[in-house]
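Colleague: Could you take me through one part of this model up close? I'd like to hear about the place where the two assigned domains of the first chain meet, with enough of the surroundings to put that part in context.

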Amino acid sequence: MSITVDLDHRPPLAFYLSVGLVAGSIIALQIGIMRVFSVGSWAHFGSLVVSLAMFGFGLTSAVMCVGKSWFERHWIGSVKGALLAFGPLMVVCNLAAQQVPFNAIFLISDPMQKWRLFANFVLYFLPFLAGALYLGVIFLKAQKTFNRVYFADLVGSGLCGLTVLLAMYAWRPDDLIMAPLLLWLAGGILWFVALGDRRGTAAIVVVAILSAAVHHLAPQLLSVPKLAVSDYKGVSYARKFPDAVRVYERASPFGYIEVYSSSYLHFAPGQSDNAAFNLKKMPSNAYLGLYIDSEGPAGIIKDLPADETAYFKYLPMYYPYLLKKDPKTFVVQFGGGISTAVALKSGSSQVTVAEGNPALLTAFREDKFLRDFTGDILNNPKVNVVDYDGRLYVAHTKNRYDVIDLSLADSAGLSSPGGFSIVEKYSYSREAMSAYMRALTPGGVLSVTLWNKEEPPKSVLKLYATMAAAARDVDGGKDIAQKFYVVSSYLSTATVLYKRDGFSPAEIELLNAHTKAMSFDEIYYPGFKVDTADLKQILQDYRDQFFFAGQAVDPTAPAETEPNDKPPPGVSTGGAPGATEAKVDGPPPAPVVPATVLGRLAWHYLLEGGWQKVADEYVFDTRILTNHQPYFAAYIKVPDLLKFTDRLELVQDEWGYLLLWATLGIATVFALTLVLFPVVFGWRTIFSRYPGKAGTMLYFLCLGLGYIIVEVGMISHFILALSNATVSASVLITGMLVFSGMGSFFSERFLDRARSFMPKVFLAIFAILATYAFTIDYALDWIGTLPYALRILLCLLIVFPPAFLMGFPMPTAMTMLGRLGKDHMFLWAWGINGCFSVIGAALVPIVATSFGLPAVVLVGAFAYLIALPAFFSVIMPLQPRATGGARSAVA
Amino acid sequence: MKRRTFVSGSVALAAGALAAPAIAATIKPYSWDLNPPMDSRENFIAWGKARGEDPVFLGQRWDRFQALIKNKDIWGQATMRAFLLTPREEFSAISPAIAKRAYEHAFLDIGYGVTMSGPHVQGRMTNVIDVKRGEKVLEIGTGSGVQSAYIANLTENAYTIEIIAPLAQRTRGLYDKLIDKGYTEFKHIKAKTADGFYGWEEAGPFDKIIVTCGIDHVPPPLLQQLKSGGLMVIPVGPPGAQRVLKVTKTQAADGSITTSREDIYGGKIVPFVPFTKLEGDKIVGTHNR
């Protein structure tokens with residue numbers, strides 16, 4: 001085999017293309033695995049597995065650093081081996097991982113589950129290890145032209161990220177792995193072409209065909225799943241219904257959408273129990289179940305005659321229609337369409353409905369079955385459709401509405417086994433609430449309904465505090481006590497009504513009568529009195545529910561302070577069977593539950609002042625949602641984190657958040673181990689002559705942390721304009737990497753004056769990021785109202801300046817290391833960068849939930865500022881081997 | 001201790017598997033007069049052994065029983081008796097992965113996306129609905145069958161509905177096998193495969209209803225089939241961290257019907273007490289330490 005490639009000077013175009021495609025294949029594999037986890041189990045475990053798998057780069061760096069000379073001697077074989085292994089490994093490991101699914105909800109109770117999780121980690125680690133080995137060896141060989149190789153790496157990764165986004169239209173999640181496989185094949189062929197290695201070319205084609213065959217045929221032949229969907233995902237239950245039929249299926253970047261039909265599906269979210277005794281009939285066979293990435297169901301409501309929709313009156317979302325006749329209504333989120341159906345059947349003269357997920361609009365507008373089933377609801381003459389986020393539309397429209405509805409936009413319920421991942425809920429932020437309130441006509445009503453299935457209450461307290469804060473923003477801090485009406489149903493739903501010009505006594509009377517008729521609990525209305533004496537005990541009891549240190553209480557024993565306390569419900573009081581059936585005179589007083597009382601107290605202190613003190617003493621974090629912290633998550637207060645470690649089963653819905661901390665902890669230990677391994681191993685040998693080790697480590701640590709923190713943080717930020725996490729991630733990944741790649745390429749011409757030029761770059765990066773941290777959401781808010789293609793274009797434009805400059809520091813420093821002959825440090829630096837990227841990615845959601853998204857970008861900005869002085873350690877020349885000699889000149 | 005449990009448990013399982021094809025009544029048949037001793041572990045095991053049960057599982061049952069009492073998860077005599085008479089190990093035996101874990105404080109995966117709740121939650125649920133002999137109790141979501149097994153020790157009229165057909169068949173088959181074996185109390189259980197949303201109208205009205213499946217509203221047919229003054233309990237939330245909602249139906253003198261919702265502890269917030277791990281007959285620490 002003849003080697004025609006000269007990596008030190010003029011590598012051929014095929015070489016750069018190969019690097020770009022294989023690097024792109026690694027990104028594509030990451031995205032593909034994330035999709036597999038989203039659909040099969042839970043996305044946040046996908047993040048964990050993928051994050052940790054990226055340590056493949058750290059491990060490769062550590063090993064290559066120690067065995068550098070071996071890799072230099074066997075570099076062709078190493079690259080060939082890594083390339084030929086990468087494709088088959090991604091297919092086989094993915095398939096194998098599907099055969100050892102782990103279940104998040106048994107992670108604590110079943111000792112086997114953590115081994116399954118470990119197996120998933122190891123299996124997904126292997127392909128990344130092969131990919132990292134390919135890149136590592138090439139970087140080592142091409143260190144003198146690192147800027148260009150790095151350019152190919154970044155641009156390839158970026159463009160392939162976008163390719164995967166498009167591939168999501170072509171392949172379902174279970175076949176999406178074909179995208180990285182094809183990219184790998186193309187990259188592999190180009191590599192062997194660059195080397196003029198025909199046998200290698202033939203080999204990789206054969207291996208690729210075999211890999212694709214294994215992916216497509218092995219599951220059938222072996223009767224094993226290609227993508228194992230957990231039995232505990234919503235769609236798995238639907239699939240078990242005897243008469244279940246999938247009536248719609250579509251894969252796209254906006255999620256894998258499935259719609260099932262079954263007589264076993266029933267939807268009436270939050271319906272009053274009293275419907276049972278007052279309604280002639282509930283409709284049957286009237287629903288379809290909508291599942292996105294196997295999560296759901298969200299109910300799709302059949303177009304029904306009036307007598308079958310009488311039950312709408314028993315839903316909490318019906319409240320505003322008690323006050324408003326023939327209203328002009330705005331529905332913030334279409335979802336499965338129930339709010340729109342209720343608005344139409346409740347007499348709305350016109351309904352404007354927004355939906356930020358274009359795939360859902362396509363389904364309801366174009367699929368014949370869904371159109372027939374829903375009475376073609378989106379083409380109803382009374383319905384106007386806004387094809388982007390409702391909160392963005394409302395913030396910029398001049399239209400005003402009598403009713404604005406934001407109801408239960410989150411499918412069947414808040415309780416999800418496996419915990420919630422940290423998801424941005426911009427529709428519920430203080431800014432969004434203010435926008436809804438401002439878009440009301442003078443007598444208009446905003447109605448927000450949320451699941452109230454948590455005990456102790458968490459989400460609803462955040463909602464209450466957010467809406468009160470928004471009302472103060474809108475009304476200029478004036479008295480807002482007349483403007484709210486709040487009801488809830490225990491372990492069901494909570495509804496907050498806000499009326500722009502306040503509720504009249506007659507309206508309050510009407511609403512109270514309805515609340516009573518529904519057996520809902522009154523939480524607040526103007527004039528509502530609450531006994532604040534209960535507060536202290538409730539706060540203490542809720543804390544004790546998790547951290548009680550004494551003896552178990554006897555539920556049958558009367559409490560000391562309540563000598564006549566009744567025994568626990570259901571315990572006989574000595575009467576004969578049936579004694580409890582005795583009819584009472586008039587309805588008995590509604591039982592009082594602490595969660596309900598706490599809701600009442602919350603409104604008292606929110607309106608009268610003093611809520612902050614209550615919130616400080618409450619066991620969970622109830623800070624409001626803002627565009628900077630748009631999370632219904634992370635309720636555990638940071639100081640309490642360690643106290644929960646031996647009672648995790650009590651906060652299972654917080655596991656998604658706790659997993660972030662676990663990821664950060666594991667990532668930190670791994671990263672430090674991998675980074676320090678070569679140092680300890682070669683302290684007296686390979687590193688002995690290298691000056692500025694600490695500074696160099698700090699430099700690449702800052703770059704690794706800074707780059708990923710800005711990238712991931714901006715993904716969350718840009719959802720404000722792009723409305724969808726997957727699209728935002730793709731746009732940001734592509735934009736950041738491609739522009740940084742261009743920066744990398746461009747940086748080559750400043751190498752000779754790096755010492756004076758780079759400080760300016762760092763200062764510029766810092767200045768831009770610091771400015772973005774506090775201003776970007778205003779720009780994104782406006783961009784979000786534009787046509788989608790223009791939105792993407794403008795987002796890319798915003799990304800360009802920092803991303804371009806952030807492409808300078810890494811290749812400049814790496815090339816300097818190469819030219820200074822600090823070969824081991826070159827590899828080590830690459831590893832540090834990789835390892836701290838993993839830590840940075842894990843750090844983002846923790847900083848975001850604790851301090852807000854601007855803080856995330858600021859952390860990134862400061863990382864680049866700290867890198868400025870550290871840069872001078874990187875460019876310290878090598879100490880001469882003999883003592884007393886002159887320092888070698890900088891190359 | 002663990003190893004011995006494992007070995008004898010395995011032997012018992014292997015023996016059970018070998019004996020499976022020809023089930024003879026090896027257990028002393030049920031009667032309302034059966035009263036397992038509650039005074040000591042030895043007496044209970046001796047009594048259970050005489051009934052024909054495995055002493056290893058009897059020991060585990062006793063130990064968990066002590067933990068339940070200590071945690072105040074059960075307190076009524078009838079529920080205590082029901083717990084001591086119910087062979088949880090027979091229900092967990094459907095899967096080798098959980099066969100030996102019946103008495104752990106943990107919810108277990110029984111397949112089909114369904115869990116078998118832990119003994120503490122089931123103890124509380126059973127005690128709190130305080131079933132009297134003769135009362136009609138409907139369970140929505142048969143699952144593993146254990147909850148109805150407890151009910152069967154409290155009343156002759158236990159009804160249970162399962163939506164997932166293969167699971168319903170498996171559990172019904174298990175009841176029948178156990179009846180053949182001598183656990184004749186399971187004759188008290190009427191089971192069917194259907195959509196639990198519609199309840200069991202022909203068998204109603206019911207004194208108590210237990211709903212053990214996820215819902216976005218309480219099905220109206222169930223409220224209709226609940227007697228006035230009756231109560232319904234519904235665990236809400238993820239497995240392992242469930243709160244139990246209690247819905248009471250009341251009819252006023254004027255005939256109007258209302259419902260009220262509350263926590264099963266009637267407004268008391270129950271403090272967390274670290275759950276127990278059993279080592280021998282000692283209760284130590286929390287189960288996941």
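Modeller: Sure, and let's start with the whole chain. This is a predicted model, and chain A, with 891 residues, has a radius of gyration of 30 Å, which agrees with the value near 29 Å that a compact globule would have. Along the principal axes, the C-alpha atoms of chain A fill a box of roughly 100 × 60 × 55 Å. Its secondary structure comes to 30 helices and 12 strands, and 58% of the residues of chain A count as buried. If you take the contacts in chain A with a separation of 6 or more, 79% of them are between residues 24 or more positions apart.

Now to the part you asked about. The domain assignment of chain A gives domain 1 as 11-228 and domain 2 as 664-880. Their C-alpha centres lie 23 Å apart, and 32 residues of domain 1 of chain A are in contact with 40 residues of domain 2 of chain A. On the domain 1 side, α2 (43-53), α3 (55-66), α6 (111-141) and α7 (146-170) of chain A each supply at least two of the touching residues. The largest share there belongs to α7(A), with 13 residues. As for what that side of domain 1 of chain A is made of, you'll find 20 nonpolar residues, nine polar and three charged.

Outside those domain bounds, there's a hairpin you may like to look at too. Strand β3 (residues 287-292) of chain A runs antiparallel to β4(A), and five bridges join them. One pair of bridge partners is A:Gly289 and A:Gly299, the latter in β4(A). Two residues sit between β3(A) and β4(A), and in that turn A:Asp293 has a positive phi of about 50 degrees. Strand β4 (residues 295-301) of chain A is mostly covered, with seven of its seven residues buried.

A word on confidence before you zoom in. The model scores ipTM 0.80 and pTM 0.85. For chain B the mean pLDDT is 81, and 80% of its residues reach 70 or more. Residues 1-22 of chain B stay under 50, and the model has 11 contacts for them beyond four places in sequence. Residues 274-289 of chain B are also below 50, with 33 contacts in the model beyond near neighbours in sequence. Where pLDDT is low, the predicted coordinates should not be read in detail.

Conventions:
Residues are numbered from 1 along each chain as its sequence is written. Chains are lettered from A and ligands numbered from 1 in the order in which they are written. This is a predicted model: local features need pLDDT of at least 70, side-chain atom pairs count only at pLDDT 80 or more; totals for chains, interfaces and linings use all residues. Domain bounds come from an automatic or database domain assignment. Two residues are in contact if their C-beta atoms, placed from the backbone, lie within 7 Å. Helices (H or I, at least four residues) and strands (E, at least two) are DSSP runs, numbered from the N terminus. Ala, Val, Leu, Ile, Met, Phe, Trp, Tyr, Cys and Pro count as nonpolar, Asp, Glu, Lys and Arg as charged, and the others, Gly among them, as polar. pLDDT is the predictor's confidence in each residue, from 0 to 100. The radius of gyration is taken over C-alpha atoms; the globule rule is 2.2 Å times the number of residues to the power 0.38. A residue is buried if 20 or more other C-beta atoms lie within 10 Å of its own, exposed if 12 or fewer, and partly exposed in between; C-beta atoms are placed from the backbone. Two strands pair if DSSP finds at least two bridges between them.
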